[in-house]
Amino acid sequence: MSVFKIEKNKNYTVMSNYHLRDRDLSYKAKGLLSFMLSLPEDWDYSLTGLCSISKESRNSIRSILKELQEHHYVEIEKVRGNKVILNITI
């Protein structure tokens with residue numbers, strides 16, 4: 001059995017396991033939400049901002065966000081045309 005030692009003094013994220021154990025969420029939704037929770041609060045959580053740091057397509061990110069919205073993990077608020085503001089609620 002391998003043992004991994006992780007320095008927890010910098011560059012790590014602490015989050016609840018609640019969304020990770022939600023059987024109704026896909027692994028993609030769990031991964032995106034976990035990634036979003038690791039970002040700074042002032043990050044650009046728009047669709048464009050999330051696509052800029054992912055290899056997923058715009059449509060893929062949009063469908064994952066829709067899944068998270070349906071399960072009440074994010075609130076999506078459209079502002080000025082296509083710009084989307086995300087409010088994370090955990």
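Visitor: Where is Y27 found?
Guide: Y27 is found in helix α1. Helices here are DSSP runs of H or I with at least four residues, strands are E runs of at least two, and numbering starts at the N terminus.

Visitor: What kind of model is this?
Guide: A predicted model: local features need pLDDT of at least 70, side-chain atom pairs count only at pLDDT 80 or more, and totals for chains, interfaces and linings use all residues. Residues are numbered from 1 along each chain as its sequence is written, while side-chain values use heavy atoms and leave out hydrogens and water.

Visitor: Does Y27 count as buried or exposed, and why?
Guide: The cut-offs are under 20% relative accessible area for buried, over 50% for exposed, and partly exposed in between (1.4 Å probe, protein chains only). Y27 has 76%, so exposed is the right word. Its C-alpha atom is 9.9 Å from that of I64, 37 residues away along the chain.

Visitor: How do you know that the length of helix α1 agrees with its number of residues?
Guide: The expected span is 1.5 Å times one less than the number of residues. For the 12 residues of α1 (27–38) that gives 16 Å, and the end C-alpha atoms are 16 Å apart, so the two agree.

Visitor: Which residues of α1 are buried?
Guide: A29, K30, L32, L33, S34 and M36.

Visitor: Why does K30 count as buried?
Guide: K30 has 11% relative accessibility, so it falls in the buried class. K30 lies in helix α1. Setting aside neighbours within four places in sequence, K30 is in contact (heavy atoms within 4.5 Å) with H19, L20, D22 and L25. The C-alpha atoms of K30 and L20 are 5.9 Å apart, with their positions 10 residues apart in sequence.

Visitor: What makes E56 and K28 a salt bridge?
Guide: The rule asks for a side-chain nitrogen of Lys or Arg within 4 Å of a carboxyl oxygen of Asp or Glu. The closest N and O atoms of E56 and K28 are 3.8 Å apart, and the pair qualifies. E56 sits in the loop between α2 and α3, K28 in helix α1, 28 residues apart. The structure holds one salt bridge.

Visitor: Why is E56 called partly exposed?
Guide: E56 has 31% relative accessibility, so it falls between the buried and exposed classes.

Visitor: How many aromatic pairs does a search of the whole structure find?
Guide: One. Rings of Phe, Tyr and Trp (its six-membered ring) pair if their centres lie within 6.5 Å; planes under 30 degrees apart are stacked, over 60 edge-to-face, the rest tilted. The ring centres of Y18 and Y73 are 6.2 Å apart and their planes meet at 50°, so the pair is tilted. Y18 is in the segment before α1; Y73 is in the loop between α3 (58–70) and β1 (74–78), 55 residues apart.

Visitor: Which of the two classes, buried or exposed, does Y73 fall in?
Guide: Y73 is at 3%, so it counts as buried. Y18 has 58% and is exposed.

Visitor: What makes the largest nonpolar core?
Guide: Such a core is a set of buried Ala, Val, Leu, Ile, Met, Phe, Trp, Tyr and Cys residues joined through side-chain atoms within 4.5 Å. The largest has 16 residues; L32, M36, I61, L65 and L68 have the most contacts inside it. Helices α1, α2 (47–52) and α3 each supply at least two of its residues.

Visitor: What does Q69 touch?
Guide: V74 and I76, not counting residues up to four places away in sequence. Q69 is found in helix α3. Its relative accessible area is 35%, so Q69 is partly exposed.

Visitor: What is the phi of H72?
Guide: About 65°, a positive value, although H72 is not a glycine. Most residues other than glycine have a negative phi. H72 is in the loop between α3 and β1. H72 is exposed because its relative accessibility is 65%.

Visitor: What pattern does the chain follow along the sequence?
Guide: The pattern is α-α-α-β-β, from three helices and two strands. Of the 90 residues, 29% count as buried.
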